[in-house]
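Trainee: Could you pick one part of this model and take me through it closely? I'd like to follow it in one go, with the terms spelled out.

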Amino acid sequence: MAEQEGSDLQVLLHTLQSSSDKDSILAILQVLGDLLSVGTDRRIHYMINKGGSEALLQTLVDTARAASPDYDILLPLFRLLAKIGLRDKKFGQKALELEALDVTLILARKNLSHSHNLLHCLWALRVFASSVTTGAMLGINGAMELLFKVISPYTRKRTQTIRAATEVLAALLKSKSNCRRAVNRGYVSSLLRLHQDWHRHDMANTYLLIRRELLLCLRHIVTLRSGREAFLAAQGLETLFSIAQNHLDNKSMEPVISAVFQILRQCYPESPLPLVTTSSAYTFPASGNINLAPPYALTEEYFEDDGDEEVDKDSDLEDVKDDDDLETDVNKLCSKPGLDRAEEELMQYEAVCPELSYSFEELDPKYGDDLNFEDTQHANHELIPSAAFPRQRQHCFNPDQSSWGKEREDTVHTSILSMVKTGKATVQRSSKTRPGMNAYQSGKQNGLGTDSFGNDTLDIQTFLEEDAWDIETISCPRINASFPNSTKPKETNDIVEKLLHTHPKHIPFHDPGLYMANARRTRSAVGFKAMAFPDFWGHCPPSTPQPMLDRKCGIQRIKILEDVRRLLQPSDVINKVVFSLDEPWPMQDTDSNCLTFCSKFESGNLRKAIQVREFEYDLLLNADVNSSQHQQWFYFKVSGMKAAVPYRFNIINCEKVNSQFNYGMQPTLYSVKEALLGRPAWIRTGSEICYYKNHYHQNSATTGGASGKCYYTLTFAVTFPHNEDACYLAYHYPYTFSTLMTHLDILEKCINPRQVYFRQDVLCQTLGGNPCPLVTITAMPESNSTNHLEQLRHRPYQMITARVHPGESNASWVMKGTLEFLVSSDPVAKLLRENFVFKIIPMLNPDGVINGNHRCSLSGEDLNRQWLFPQAHLQPTIYHAKGLLHYLSSIGRGPTVFCDFHGHSQKKNVFLYGCSMKETLWQAGCTVGGSALLEDVSYRMLPKILDKLAPAFTMNSCSFLVEKSRASTARVVVWREMGVFRSYTMESSYCGCNQGPYQGLQFGTSELEEMGAMFCLGLLILELKSVNCSRQFLAHAATLLNAEKDVLDHHLQRCSSSSSCSRSTSEVDDEPSCMEEIEYSAESSSDPEQSFSELDRQIQECAFNKEEEEEEEEGRVRRRSVP
Ligand SMILES: [Zn+2]
């Protein structure tokens, strides 16, 4: 039947082209019009497939070329053409080939004074111009000059025609050659004048759409450098700035205002970053080749004024899939590459696995309680890079330290099972801080007399006042003991000593004295001499999680206007450098009215601060050491502030194209005064936060001529809690290398050595000369009987790593939760220790963390792209982490699960990435062939279990696709080379959750730590569900789980039944597009292709009102609402 219809249609179209009889042509047009007036677009596409476009265009050409063209035929023909043409991607090309452009232009010229006919011609031109190449051709043939004859200053007549003409002009200006022509003919100032005229007279906003189209014309033109120059010369910036400023809150003017902002942003003159060089202020003389940043790809902008090639966006480019990156080579997916080093080398790792050979003689009653593990250091240490084991510690359970053990008990007083799925924070959700209420304000309700632990803080308060302590002096405690040529440090040390007496000592797993001792040993590339107070003093998370920040409507526009105002009204702009790593110090007069900045401490990375206005600062972050990029992480100190005044900070050299700062995330702040008053906590803070592309570009001088790399601004306002305080601001809760070392020390001291086997080894030395710790946790054997030792030696391994990316401090907090849980007295932890050996590398990139890098190591390399061929002298931590894994595999003890903890800056929640050959091939659309692809699907089990257990975790964002670009990551290499099919990356959001019990809340450190503990519980349940699960383990677990039956039972059931459910990995919950455009170039803008229905509607309307009087238009348009 469809065939029959098809042939009927073809007959009709054929008759249309061949007939010269007016009546039959009109009849056919009538039939076609009726046919298309009902039904969906599918009909139109059907007609296009059957040659409808060609037939209509041919008829147009034939009719138009007659001695006196017949408008009875032409008008319905144009209406049909417009309707079909919009949906035919090749329409422009077809019109060009059939010479329909010329005849339409001629008809339009003839009808300049006959607006009804002219309107029809304009519709056709509008459709032709939707192809950029055809648009360029129309431009050559004088279409723009013609349109300028139609577009007049403000009038109430012929407005429909004028509007159609502005639409055609805007469409033509998508072509760069037309833009150039427009600039050369002075159309920029004409368009500005026209827009001004309409804007002034159209008080009732009746002709917003004409005004908008005029602006869209300008927006296209200013994508050219010459266009921007013409625009600036014509005072365009001033004109549009004043419109934006006066009508910012006028909702009804939205279509105009959004176009104004796009133009303002595009025309803000580009400038290089205010830095001498974008290369990091810190360098490190790495052995071997230093990985300098690759030359930047030249962007389109660089070429913009060259050549005339038009890129036709209607082509099939959009069919290119994102799946291009998927690994579809089955051989690469299946084959297991050979060992990347000599086999003998693996033996060195025996030394860090003494649990496999140690005889635990001290467990023999005759040795009594004298626990000494010194003998374990027996193997050939020489093979491990030099200076290994300086931190090798003996297991000692000092009774004096038992207080730590007590505190630890406090922190894990409830079993993890009772926290499943509900999360720690849910209990407190009802008391969640009211939006807009400063966390400090809520803290204040505690009263100054008591701290958050309910202890008396009057002492400290008095202490502070009596001694008139200089907050500056104490906020950056010096690390070094001796300071030649200075008396101040001595005082500082005294103050630190005094301070330590006031320390509340209630921060679990923290000890300032121990921290200072560790910080002294930490080696930075530049030799930091001070500690940041928060790391030294400690952080105690607020009791309630903080909600995400509601984005204030239009906030980005307000900020952009303030940026533009710097150019146009420079009277209040100070532009004074107040801090810089590159310029001589000090650079500020002491009495000046500005903030003091500092970042020369572990993980700090502010490079420069420029005071812009009294309470506004532009900040620049330091690039990763030996690199000129990766600015995202920040950590710096600011002091000398006034309380209750919002300070605006703009970090102007961010690089990511979008950020969670646009979706409710706030930076973190730590106040020294608050800490001394008993509230030592990092809290989320800041208002008026947004993240958008700015006008800074890579300076071509620093890149050898290449230009084009652009930057983004993160802006936020902070109201500090106290006058003359010292505060620290950071991208996320800092967790330094010295913090880790302190944490490990305390963990080691607080374990019960009769139950917990806890061992700290040095995996290797980093390039910067710091030890990379390797932690081993398992249960002590009950005795040194053969049975017990054999049980220990046969426990399967689990391997967990973290913080290969130094800016991902969230990964360290998750790791902290994992470590604390594994050594805890929780019955689940006990069972885990008795059945597994945990090998943990808590910080794979210590140097990066220490030196304030975001992504790289000291050699400027992303270490998580080095797992394929790591080299001992360039990427030692990766080389030896991989070596340890190789060693374990070589003795048949490869880990059951490998997981590398990371942080994610674009998504919310916590989720896993894994590896699946089948899912990858399936996603790429490859036919999966043969039995080669029998894949164990149990890689999905752990994420499914975590989805049920952990409040922050969601299966929805998990993915198991193997991408070519990730071939050298830990996850993929461990999966392929060691055959660990449960090899994962665990990503935790920097922001918070949009699902589950924590929905709408930002992560605090407690939620991240809880995730680390839940991960361990997940490993236990995974083991329970595995086929190899021993009867003894099952029995133990059953007793344990029975005790918590109500909590766990249904989870386990749901876990097992859900193995049949298979959610597509592609349905990831990416953020919805931002309310305000982060980018603004004409190419990337969300130019609403509303034209389909809009043009249809215009045509429809016109067809039914053929006899309309022009004067009626105004009333009609007024009824029309802005789309
Ligand atoms: Zn990462």
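Mentor: Sure, and let's start with how the elements are named: helices (H or I, at least four residues) and strands (E, at least two) are DSSP runs, numbered from the N terminus. This is a predicted model, in which local features need pLDDT of at least 70 and side-chain atom pairs count only at pLDDT 80 or more, while totals for chains, interfaces and linings use all residues. Residues are numbered from 1 along each chain as its sequence is written, and side-chain values use heavy atoms, with hydrogens and water left out.

The part I'd pick is the zinc site. The zinc ion is held by His805 through ND1, by Glu808 through two OE contacts, and by His902 through ND1, at 2.1 to 2.3 Å. Donors here are N, O and S atoms within 2.8 Å of the metal (3.2 Å for Na, K and Ca), and since water is not among the atoms, sites may look incomplete. Along the chain, the donor residues follow the spacing H-x2-E-x93-H. Glu808 sits in the loop between strand 15 (797-802) and helix 30 (809-822), and His902 belongs to strand 17 (residues 897-904), so this pair ties together parts that are 94 residues apart in sequence.

What is the geometry of the site of the zinc ion? It's irregular, with angles of 58 to 147 degrees among the four donor atoms. The rule is that four donors count as tetrahedral if all angles lie between 85 and 135 degrees; four count as square planar and six as octahedral if opposite donors are over 155 degrees apart and all others between 65 and 115; anything else is irregular. For reference, ideal angles are 109.5 degrees for four tetrahedral donors, and 90 or 180 degrees for six octahedral ones.

How covered are these donors? Buried means under 20% relative accessible area, exposed over 50%, and partly exposed in between (1.4 Å probe, protein chains only). Glu808 is buried, at 6% relative accessible area, and His902 is buried too, at 3%.

With those terms in hand, a few other residues make handy comparisons. The UniProt annotation "active site", from an unreviewed entry, covers Glu987; such positions are given in the numbering used here, feature names are shortened, and annotations may be inferred rather than shown by experiment. Glu987 is placed in strand 19 (residues 983-989) and is buried, with a relative accessible area of 10%.

Leu763 is buried as well, at 1% relative accessible area, and is part of strand 13 (residues 756-765). Its C-alpha atom is separated by 8.9 Å from that of Leu884, although the two are 121 residues apart along the chain.

Two more glutamates have a backbone quirk. Glu688 has a phi near 45 degrees, a positive value in a residue other than glycine; this residue is found in strand 10 and is partly exposed, with a relative accessible area of 26%. Glu724 also has phi near 45 degrees, again positive in a residue other than glycine. Glu724 lies in the loop between strand 11 (710-719) and strand 12 (726-730), and counts as partly exposed at 49% relative accessibility.

So, back to the zinc ion: keep in mind the irregular site and the buried Glu808 and His902.
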